[in-house]
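Open the model in your viewer and keep the selection tool at hand. The tour below goes stop by stop, saying what to select and what is there.

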Amino acid sequence: MASRSAEVSRKTKETEIAVSVHLDGTGISDMSTGVGFFDHMLDQLSRHSLIDITVKAKGDLHIDDHHTVEDTGIAIGQALAKALGERRGIMRYASIDLAMDETLTRAAIDVSGRPFLVWNVAFSSPKIGTFDTELVREFFQALAQNAGITLHVTNHYGANNHHIAETCFKAVARALRFALERDPRQPDAVPSTKGSLKG
């Protein structure tokens with residue numbers, strides 16, 4: 001089977017980012033964005049999706065974390081889309097309810113080629129440490145848009161904002177793992193009556 005791997009580089013006046021992904025990996029991650037909490041979340045995304053992900057990012061952190069987080073989402077999304085190619089032989093759909101202590105979050109994915117994000121997650125604080133909680137949504141918006149996936153994320157309940165954010169990343173990771181798995185019953189078919197998953 002062809003290797004489902006890709007590399008993407010993105011350079012703007014605000015950020016310089018290099019990303020590599022291997023969809024059939026073991027969840028090995030190497031993250032360096034300059035944003036500690038974000039690196040921790042990206043480690044969760046890699047570990048629980050079993051996608052090997054490397055991210056090297058330099059951004060205008062003297063302004064804030066926004067451009068670095070958003071552009072990393074863009075680059076990872078583009079790398080996922082590139083690695084998937086025609087999206088042949090994938091399971092395509094997945095959803096999971098993921099628990100972490102007092103928090104429960106659902107992620108549902110359609111690797112459809114049609115980007116869309118539905119975000120039903122609220123944080124009780126604008127910050128987790130020094131990290132802006134609104135950037136969690138910004139990351140997933142960029143990821144979904146550039147990977148060409150429909151993504152719904154709903155936090156059912158939770159009290160700790162770190163847990164809420166972490167369950168979002170872990171739930172999306174697990175849903176990605178199942179949706180991107182090879183389907184042994186149709187290993188070379190595009191899972192669509194259209195015959196295409198290009199939008």
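Two strands count as paired if DSSP finds at least two bridges between them. With that in mind, select Arg 10 in this predicted model: its bridge partner in β2 is Ile 17.

**First stop: the sheet around Arg 10**

Widen the selection to β1 and to strand β2, residues 15–22; they run antiparallel and are joined by seven bridges. Now show the whole sheet, which is open and has four strands in the order β1-β2-β4-β3, with mixed pairing. Which strands stand at the edges? They are β1 (5–11) and β3 (29–32); each has a single partner strand, so one side of each has no neighbour in the sheet. From one strand to the next, the twist averages 5 degrees.

**Second stop: two helices across the sheet**

Select helix α1, residues 36–49. This helix lies across β3 and β4 (52–59), and its direction is at about 160 degrees to β3. Then select helix α2, residues 66–84, which lies across β1, β2 and β4. Helix α2 runs at about 35 degrees to β2.

**Third stop: a hairpin**

Go on to strand β5, residues 93–100. Colour its two faces separately: Ala 94, Ile 96, Leu 98 and Met 100 make up the covered face, while Tyr 93, Ser 95, Asp 97 and Ala 99 make up the uncovered one. Add strand β6, residues 103–110, which pairs with β5 in the antiparallel sense over eight bridges. Across from Leu 98, in β6, is Thr 105. The hairpin of β5 and β6 has two residues between the strands, and Asp 101 takes a positive phi near 50 degrees there.

**Fourth stop: His 152**

Select His 152, which is found in strand β10, residues 150–157. Is this residue buried, partly exposed or exposed? Its relative accessible area is 34%, so His 152 is partly exposed; the class runs between the 20% limit for buried and the 50% limit for exposed. Neighbours within four places in sequence aside, His 152 is in contact with Arg 106, Ala 107, Ala 108 and Val 118. Next, draw a distance from His 152 to Phe 140: C-alpha to C-alpha they are 9.8 Å apart, and in sequence 12 residues apart.

**Last stop: the largest pocket**

Select Ala 2, Arg 4, Leu 84, Arg 88 and Arg 182, which lie nearest the centre of the largest pocket among the 15 residues that line it. The lining consists of six nonpolar, three polar and six charged residues. The volume of this pocket is about 250 Å³.

Terms used:
Residues are numbered from 1 along each chain as its sequence is written. This is a predicted model: local features need pLDDT of at least 70, side-chain atom pairs count only at pLDDT 80 or more; totals for chains, interfaces and linings use all residues. Side-chain values use heavy atoms; hydrogens and water are left out. Buried means under 20% relative accessible area, exposed over 50%, partly exposed in between (1.4 Å probe, protein chains only). Contact means heavy atoms within 4.5 Å. Axes are lines fitted to C-alpha atoms, for helices over the stretch in contact, and angles run from 0 to 180 degrees between N-to-C directions. On a 1 Å grid over the protein atoms alone, a cavity is a set of points where a 1.4 Å probe fits but cannot get out, and a pocket is an open set with protein on both sides within 12 Å along at least five of seven lines; lining residues have an atom within 4 Å of a point. Grid points are joined across faces, edges and corners, and a volume is the space filled by probe spheres set on the points. Ala, Val, Leu, Ile, Met, Phe, Trp, Tyr, Cys and Pro count as nonpolar, Asp, Glu, Lys and Arg as charged, and the others, Gly among them, as polar.
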